[in-house]
Amino acid sequence: MRRNGEGRSAAASNIVRLAAVGAVAGVVVAGIVAPAVGGAGVGLVSATGELNISAQDLAEPPLAQVTIVQDRKGGEIARFYEEYREVVRLDEVADIMKTAIVSIEDDRFYEHGAIDLEGTIRAFARNLQAGGVSQGGSSITQQYVKQVLLNAAATDKERNNALAASYARKLNELRHAIAVEKKYTKDEILEKYLNIAYFGAGAYGVEAAAKRFFGVHAKALTLPQAATLAGAVQDPNATDPNLGRKQRELLLKRRNVVLGRMAELGRITPEEAAKAKAAKLGYKGTKLPGGCESSKYPYFCLYVRHEILSNPDFGSTTKARLAFLNRGGLTIKTTIDPAMQAAADRGIRKWVRASDDPVASEALVQPGTGAIKAMAASRPYGRSRARDEISYNLVADAAHGGAVGFQAGSTFKVFTLLNALGKGMKLDDGLTAGAGFRASGPAAFKNCKGQNIGDPNHTVTNDEGSPGWKTLRTGTWNSVNTFFMMLEQRVGLCDTVETARSLGIHRSDGRRLQEYETFTLGINEMDPVTVATAYAAIGARGRYCAPMAITRITDRNGRTTAYKPKCRQALDPEVADAAADVLSGVFTNGTMRSVGGIGRDAAGKTGTTDDYAAAWFAGFTPDLAGAVSIGDPRGSQEHKLNGVTIGGRSYGAVLGATLPGPIWKDTMIGALRHVPPTPFTPVNSERFGGCQDDCRPERSPTEDDGAVEDDGAAEDDGAANDEGAAEDVGADVTTGGDNRR
């Protein structure tokens, strides 16, 4: 039976034999250190005659790099990354940094081959003395190989194998290292190592580390700074200065070890070493750029991120798409327009404060392309749980990081209007609207499944009411609930729903649209991007374009993929023109007349939900469309918009023209300041002028002349009242019942 000393001696002898075998094979074999002394470890080492130490190619997948998101003009707005890394050339790294890393990690790097025999034997001797593995003896090349294998690991098993303290792992690294040394020059290997190494504090690669630790580029590193980074790579988690005082003290000690080694090797003078050791650590903890929380446009940033994660164009699985985004080193050009975004931000800040309980949000979309030009909200995005922060996308649907949204109110009456115009009704065709409207029975309406819909026990009212003859123009301008219930019954609930769907309307929460008779009153919860995009289609003469955020992606190799708008003709252009003509009267004769227009052709519709749970305005020009919503994110049904203070002003009630309308107006004036005005296409008067029959019926108006409301979501949006007249800022407006404006 061997004694301990004999076992260690035999193990040392076997290592030397292994080195000799490698030398005969034409390579210098070193860096293989037994993971244990005696027992199985020695048995493995002694089997040198059967070892395969020939070169083995190393698969080098691209390093994870930062993805940069840009606005339409090329300005950076966000960064995404799994590992914060900026790859640099070796000539972009300070010479003192190269000297420091070589001195402490592999001082004979430029003199030996794939492995350092002298360093390995020295490390092995120390391991024997320690009775275990206390020094690895790996060359920089072997360390590079280890990092490549670790970065390429896709499973926990592969990661464990890349880190295992085993002879098999060392031997595998050796084979790859031999191939790497044949493939690259020493400078190329050092460059690759400096770019792949982790330095701690979330910084991968020397450029990111220089910025994170000291706020400088790698080219500008000083001697103390270079020694600090060179020392950090040995155990970056234990010396992570971002974790606290203890870790900083360990890093400072490690820096001084590096400085001592540099002086010992004669690569700096003792005086230089002493001066550098006397310097403070100097860690700045520069905030790493990236993530939507730090973006100038956080809600748009969230939209872009979710667009990539949910779109099969960017990968077959969610995992693949996440890797594409966070590791790809992409440059993503987007549609966001800084000037229009600034206008939206100003428009909201003028009327609503971040500290207010209700939240305003707005989206701007370009007709004819679907390009999202701005996404703004009155509260900042964040996850700190601060009262004035929101942790989800207020402006978008759930598929793009949003939540439930708010009921859209009478902005949905537009789809009934479009359906009526598409079925041949003329602008002066109308109905006699009663003060109340009740379904005549369960068969009064049919949803798109052919099911009977109609609750004869529920009455939709106009509140103060204005029963009488209403045309498509006047019924829309004054947003008369009972008129639109009767109109929807005449032209069909399902056809109205399908008209909305053709313009991209879907619920914010991703559930199916609720197809009740009160669909026209806006009972479905929506988000500003979806509503703005639907209205943009009217401004584009019926051409619907899906919301678009990304125009171009350039990969790390410079290959560029351009993305075009996804559009289709959803409406007859002349129907869209006629609707624009009607909706333009909302500013001059309807619910927005107290707010006024924007000095160019514009059209739109106010929306106020039942009992003032939420308020909207959606409008468009041929050049830009926008939608503004306001509601309380704590729960709009529980926290109504009556008796509230918003933006320092008190409101008896908030309607569509009270806040959303003015926000939209101020935003559009600013956003279109430098855009030449495009007029609407005139309505085809031969097709839509006048009315089909006598414009007024002989019979007198009656009450309770129609359909029904469901879900308690009837809308207070119009009736005889016009929103604009009642909505002067600060006015104590009180209405009730099932009115939607």
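Ala, Val, Leu, Ile, Met, Phe, Trp, Tyr, Cys and Pro count as nonpolar here, Asp, Glu, Lys and Arg as charged, and the others, Gly among them, as polar. Keep that grouping in mind for the pocket views below, and remember that this is a predicted model.

**Figure 1. The lining of the second largest pocket, sorted by residue class.** Of the residues that line the second largest pocket, nine are nonpolar, six are charged and two are polar. The pocket holds about 460 Å³ of space.

**Figure 2. Residues around the centre of the second largest pocket.** Welcome to a closer look at the lining, which is made up of 17 residues. Nearest the centre lie Glu82, Asn151, Ala153, Ala323 and Arg327. Two elements, helix H5 (140-152) and helix H14 (318-327), each give two or more residues to this lining. The biggest share comes from H14, with four residues.

**Figure 3. Strand S7, a mostly covered strand.** Here we move to strand S7, which spans residues 359-365. Seven of its seven residues are buried, meaning that each has under 20% relative accessible area. Follow the side chains along the strand: Val359, Ser361, Ala363 and Val365 point one way, while Ala360, Glu362 and Leu364 point the other way. Glu362 is buried along with the rest of them.

**Figure 4. S7 and its partner S23.** Strand S23 covers residues 625-631 and runs antiparallel to S7. Seven bridges join the two strands. To find your bearings, look for Ala363 of S7, whose bridge partner in S23 is Ala627.

**Figure 5. The hairpin of S7 and S8.** S7 also pairs with strand S8 (residues 372-377), again in an antiparallel arrangement, through five bridges. A handy landmark is Leu364, which stands opposite Ala374 in S8. Six residues lie between the two strands of the hairpin. In the turn, Gly368 has a positive phi of about 90°.

**Figure 6. The whole protein chain, for context.** Stepping back from the close-ups, the chain contains 24 helices and 25 strands. It has 741 residues, and 56% of them count as buried. Among contacts between residues at least 6 apart in sequence, 74% join residues at least 24 apart. The chain exposes about 29,400 Å², with carbon and sulfur atoms supplying 48% of that area.

Note on methods
Residues numbered from 1 in each chain as written. Predicted model: local features only at pLDDT ≥ 70, side-chain atom pairs only at ≥ 80, totals over all residues. Heavy atoms only, no water. 1 Å grid on protein atoms, 1.4 Å probe; cavity = no way out; pocket = protein on both sides within 12 Å on 5 of 7 lines; lining within 4 Å. Points joined across faces, edges and corners; volume = space filled by probe spheres on them. Buried < 20%, exposed > 50% of the residue type's maximum accessible area, 1.4 Å probe, protein only. Pairing = 2+ DSSP bridges. Contact = heavy atoms within 4.5 Å. Areas by Shrake-Rupley, 256 points an atom, 1.4 Å probe, with all protein chains shown as cover.
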